[in-house]
Amino acid sequence: MCGVFGIVYSKETDKLGDSLIKGSRKLVYRGYDSAGFASFKEDGSTMLRKGPGMLEDIIKSKNISEFSGKRGIVQLRWATFGEPNEENSQPHYDSDKDIIGAHNGNIVNTEQLSEQFKAEGMTIRGTNDGEMVVHAYEKFYNQYHDMKKSMMKAQTLLKGDYAFVCGNTELDKLMAVKMGSSLYMGIGDDFILCSSDLGSILQFTRNIVFLKDGDLVIYDDHEYHIYDIHTGKDITRPPEECNIKIEEANLVGYDHYMIKEIHEQPKRVQELLNLLANSQQLVKNFIETLNQADHVYLVASGTSYHASIVGAYYLNHLAEIHAVPVLAGYFNEYYNISPTAKDVILCVSQSGETKDVINVINPILHNTSAKIISMVNVTGSSIAQKSELVLNVSAGLETSVPATKSYTNQLFTFLYVAALAGKMKNLDKANEIFTQLEKIPGLIQETIDTVKEECEDIAALLVKRDSDLYCLGYGIQYGTALEGALKIKEVYYKHCEGMYSSEFKHGPLSIVDKNYPILFPASPADDHMVISHINEIMVRKGNVIVISPQYKGYAKAASRVVVVPDSDHYFVPFSTVVVLQLIAYYASILAGLNPDFPRNISKTLTVD
Ligand code: M6R
């Protein structure tokens with residue numbers, strides 16, 4: 001994963017540096033291992049400054065604002081091929097330094113290409129796969145001196161999914177290619193630009209061309225030509241006015257985006273409730289699609305998968321819709337046995353760009369008639385574009401890499417759909433839940449207001465013990481437990497395993513010794529099982545911290561209970577996950593880490 005951005009102005013300009021910086025800041029969520037900036041001047045000279053590290057440090061240390069020129073390229077990197085160092089940072093030069101290009105994606109035959117290109121006499125400077133795209137293009141450009149023909153040939157050598165932006169010193173244009181990774185084009189008054197991120201373009205222009213896989217674009221400041229990269233045929237695609245609202249990231253008095261976004265949850269759920277109430281036809285179409293399915297698969301990764309586990313519980317219990325949560329990464333291996341027109345794949349993704357999910361969608365679009373519908377947080381994202389129906393979970397811009405508010409809004413979307421679907425079937429519990437949905441924002445707010453100190457205290461206890469831990473969940477709380485464990489690992493860098501609590505006795509119980517910490521989000525309605533599972537640990541002297549509404553049974557059985565406000569069983573995942581988010585946040589802070597940008601990861605994972 002990574003992000004690319006390439007702009008062409010009508011004439012050489014000093015504002016190029018600032019434009020590249022502006023574009024790059026919107027790409028940082030895609031990778032923050034390294035960053036690089038390049039420009040082409042009218043006299044044929046180039047500038048390329050890049051290196052490992054955080055974007056703002058690179059902008060400063062390499063004086064990017066002094067960049068001038070007519071054309072510029074930026075790349076933000078999240079390392080897959082080659083460690084994050086200067087050579088592997090993008091953009092890359094070709095052998096003679098008269099071509100500069102950068103990619104997003106994975107070229108899986110990098111090693112073989114590197115050997116081949118070296119043997120052909122090219123200068124290979126690093127081990128990054130993006131460099132191979134530049135050399136593949138160089139190989140044919142030196143032969144044909146034609147952008148389109150050279151890239152059409154180059155793509156036949158490249159195995160993998162990618163988006164690519166590149167320029168030659170001798171031509172007054174840039175070229176961009178979309179081959180499985182996101183890429184958009186924006187048309188301005190005196191410029192044209194392409195970028196992996198729609199929001200980065202919308203800061204410059206609302207005139208957007210939505211590029212498709214297989215598009216090869218050659219553009220200057222005032223005109224663009226799109227070709228089918230396989231056949232070379234012209235494609236006519238005029239720009240569309242794009243009205244998507246882009247929020248600006250702003251800490252407004254908080255120390256980190258993570259804590260700000262945790263606090264935003266009540267407001268975002270309330271806004272979502274209002275939006276869903278005003279989108280009844282869309283929601284009913286969604287429900288009808290689910291009702292008509294033989295199989296409903298909820299396909300997602302990471303946090304979105306955890307929301308899908310709780311979502312499956314809601315759909316099954318409240319609406320009698322038999323939904324199965326499936327990790328996107330293994331759907332094609334275990335579930336994709338000839339889906340039929342009566343199967344529904346509901347893709348759940350905050351970014352709408354996750355490659356594991358797109359890997360599920362693409363073969364279905366090409367080979368079967370199963371329906372693809374989705375829940376995303378980013379309007380116009382690749383997954384949204386590939387879906388027949390889209391519910392936007394409307395959590396707003398989520399800047400912190402750890403997902404928090406997008407998770408609660410995914411949960412709420414599932415609950416709303418399930419309760420309405422059940423109500424339409426006259427199911428009593430669904431009727432009851434549907435009329436109480438407006439209580440959820442208040443429930444989350446009250447939780448945040450009442451548990452803060454206790455979460456800080458538990459975080460301090462975990463940091464003091466400095467060990468691994470478990471987060472167990474039963475029934476409706478399985479997804480919450482997985483999500484809590486993921487948050488703790490992600491921002492506190494300690495291993496926290498999330499597990500279905502009845503599995504714990506099948507081996508992992510042996511890890512428990514005196515005071516071994518176990519977090520246990522639970523609903524009182526599941527006490528018949530949860531109390532047994534707590535007891536199995538407590539008699540072995542473990543330290544079980546239950547997170548639940550007030551309930552005597554848990555108070556008696558566990559070492560400690562973090563009491564969340566009383567609520568219906570179906571609402572408990574909302575309050576208890578907030579406690580786990582806060583514990584993770586405070587543990588991260590106490591450990592001296594930055595929860596917003598955990599090491600080694602990125603917000604949007606567009607690679608395998
Ligand atoms: O954008 P997506 O929801 O598809 O992303 C999937 C995961 O990468 C993501 O949920 C990840 O696990 C979270 N950012 C972790 O907090």
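Biologist: Let's start with tyrosine 227: which residue is its bridge partner in β14?

Modeller: Aspartate 234 is the partner of tyrosine 227. Bear in mind that this is a predicted model.

Biologist: And what makes β13 and β14 count as a pair?

Modeller: The cut-off is at least two bridges found by DSSP between the strands. Strand β13 (residues 224–228) and β14 share two bridges, in the antiparallel sense, so they pass and count as paired.

Biologist: Where do β13 and β14 sit in their sheet?

Modeller: They come at one end of the order β5-β6-β7-β8-β12-β13-β14, an open sheet of seven strands with antiparallel pairing.

Biologist: Why are β5 and β14 called edge strands?

Modeller: Count the partners. β5 (92–93) and β14 (234–235) each have a single partner strand, so one side of each has no neighbour in the sheet.

Biologist: How do you know that helix α5 packs on that sheet?

Modeller: The test is heavy atoms within 4.5 Å. Helix α5 (residues 147–155) touches β7, β8 (174–179), β12 (215–219) and β13. Its direction makes about 155 degrees with that of β7. Angles are taken between N-to-C directions on a scale from 0 to 180 degrees, so the helix and β7 run in roughly opposite directions.

Biologist: There is another open sheet, with five strands. What is its strand order, and how are the strands paired?

Modeller: That one reads β22-β21-β23-β24-β25, with parallel pairing. Its edge strands are β22 (496–500) and β25 (560–564), each of which pairs on one side only. The twist averages 20 degrees from one strand to the next.

Biologist: What makes β24 and β25 a pair there?

Modeller: Same kind of check: at least two bridges are needed. Strand β24 (residues 543–549) and β25 have five, in the parallel sense, so the pairing holds. One bridge to look up is proline 549 with valine 564 in β25.

Biologist: Which strands does helix α16 touch?

Modeller: Helix α16 (residues 478–492) packs on this sheet through β21 (469–473), β22 and β23 (517–521), and its direction makes about 175 degrees with that of β22. Helix α19 (residues 572–590) packs on the sheet too, touching β21, β23, β24 and β25, at about 135 degrees to β24.

Biologist: On to the empty space. What makes something a cavity here, and how many are there?

Modeller: A 1.4 Å probe has to fit but be unable to get out. There are two such cavities of 30 Å³ or more. The largest holds about 60 Å³, and the second largest has about 30 Å³.

Biologist: How do you know where the largest cavity lies relative to the domains?

Modeller: From its lining. Domain 1 (3–251) and domain 2 (277–435) both give residues to it, so the cavity lies between them. Among the lining residues are Lys178, Asp213, Glu353 and Lys386. By class, the lining has one nonpolar, five polar and five charged residues.

Biologist: Which domains and strands line the second largest cavity?

Modeller: Domain 1 (3–251) and domain 3 (445–608) each provide at least three residues, while β6 (99–107) and β7 (160–168) each supply at least two. The lining includes Gly105, Asp161, Lys355 and Asp608. Its classes are two nonpolar, four polar and three charged.

Biologist: Why is the space around Lys26 and Glu247 called a pocket?

Modeller: Because a pocket is an open set of points, with protein on both sides within 12 Å along at least five of seven lines. This is the largest pocket, lined by 45 residues, and Lys26, Glu247, Leu397, Glu398 and Thr399 lie nearest its centre. It holds about 1300 Å³. Helix α7 gives the largest share of the lining, four residues. The lining divides into 16 nonpolar, 15 polar and 14 charged residues.

Biologist: Which residues are nearest the centre of the second largest pocket?

Modeller: Ser301, Gly302, Thr303, Lys603 and Leu605, out of 25 lining residues. Elements that give two or more residues are α9 (302–319), β18 (343–349), α11 (355–367), α13 (405–424) and α16. Domain 2 (277–435) and domain 3 (445–608) each contribute at least three residues. The pocket's volume is about 480 Å³, and its lining has eight nonpolar, twelve polar and five charged residues.

Definitions and conventions. Residues are numbered from 1 along each chain as its sequence is written. This is a predicted model: local features need pLDDT of at least 70, side-chain atom pairs count only at pLDDT 80 or more; totals for chains, interfaces and linings use all residues. Side-chain values use heavy atoms; hydrogens and water are left out. On a 1 Å grid over the protein atoms alone, a cavity is a set of points where a 1.4 Å probe fits but cannot get out, and a pocket is an open set with protein on both sides within 12 Å along at least five of seven lines; lining residues have an atom within 4 Å of a point. Grid points are joined across faces, edges and corners, and a volume is the space filled by probe spheres set on the points. Ala, Val, Leu, Ile, Met, Phe, Trp, Tyr, Cys and Pro count as nonpolar, Asp, Glu, Lys and Arg as charged, and the others, Gly among them, as polar. Domain bounds come from an automatic or database domain assignment.
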